[in-house]
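Biologist: I am new to this structure and would like to learn how to read it. Could we go through it one feature at a time?

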Amino acid sequence: MPRPRSLLPVLLCCAVIVTLTISVDAFVSPLQDRAAPELADTTWINSAPLKLKELRGRVVLLEFWTYG
């Protein structure tokens, strides 16, 4: 006679999926639907100051650093 299968693995998988779904939703920024603020008009090292509209559609890498 076959042994009845345990429901424990199925229940654990469901619990993990529900937990991951809740965790991902917890990290959604409340600012995600807002437009990005304009970049600073201070001194730029390697180019003239750019506006966001000039960068639209391009990949942009911003490096922020300071002396501590």
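The dialogue below goes from the whole chain to single residues and then to the pocket.

Modeller: Keep in mind that this is a predicted model.

Biologist: How many helices and strands does the secondary structure of the protein come to?

Modeller: Begin with such a count, then place residues against it. Here the protein has two helices and zero strands. Helix α1 covers residues 8-26, and α2 covers 52-55.

Biologist: What share of the residues counts as buried?

Modeller: Burial is read from relative accessible area, and buried means under 20%. Of the 68 residues in this protein, 1% count as buried. The exposed area of the protein is about 7,300 Å², and 65% of that comes from carbon and sulfur atoms.

Biologist: Which residues make the nonpolar surface patch?

Modeller: Leu7, Val10 and Leu11 make a nonpolar patch of about 310 Å² on the surface. Valine 10 lies in helix α1. Its relative accessibility is 48%, so valine 10 counts as partly exposed, the class between buried and exposed, where exposed means over 50%.

Biologist: Where are leucine 39 and alanine 40 placed?

Modeller: Leucine 39 is in the loop between α1 and α2, and alanine 40 is also placed in the loop between these helices. Leucine 39 is partly exposed because its relative accessible area is 21%, and the cut-off for buried is under 20%. Alanine 40 is partly exposed as well, because its relative accessibility is 47%.

Biologist: How far are the C-alpha atoms of leucine 39 and lysine 51 separated?

Modeller: For such a pair, read the distance in space beside the spacing along the chain. Leucine 39 and lysine 51 are twelve residues apart along the chain, with 6.6 Å between their C-alpha atoms. For alanine 40 and leucine 50, ten residues apart, the C-alpha separation is 8.9 Å.

Biologist: What volume does the largest pocket have, and which residues are closest to its centre?

Modeller: The largest pocket has a volume of about 670 Å³. It is lined by 16 residues, of which Trp44, Ile45, Asn46, Leu62 and Glu63 are the closest to the centre. By class, the lining has eleven nonpolar, four polar and one charged residues.

How values were computed:
Residues numbered from 1 in each chain as written. Predicted model: local features only at pLDDT ≥ 70, side-chain atom pairs only at ≥ 80, totals over all residues. Heavy atoms only, no water. Patch = residues over 30% accessible without salt bridge, like charges linked within 9 Å, V, L, I, M, F, W, Y side chains within 5 Å. Areas by Shrake-Rupley, 256 points an atom, 1.4 Å probe, with all protein chains shown as cover. Salt bridge = Lys/Arg side-chain N within 4 Å of Asp/Glu carboxyl O. Helix = DSSP H or I, 4+ residues; strand = E, 2+ residues; numbered from the N terminus. Buried < 20%, exposed > 50% of the residue type's maximum accessible area, 1.4 Å probe, protein only. 1 Å grid on protein atoms, 1.4 Å probe; cavity = no way out; pocket = protein on both sides within 12 Å on 5 of 7 lines; lining within 4 Å. Points joined across faces, edges and corners; volume = space filled by probe spheres on them. Nonpolar A, V, L, I, M, F, W, Y, C, P; charged D, E, K, R; others polar.
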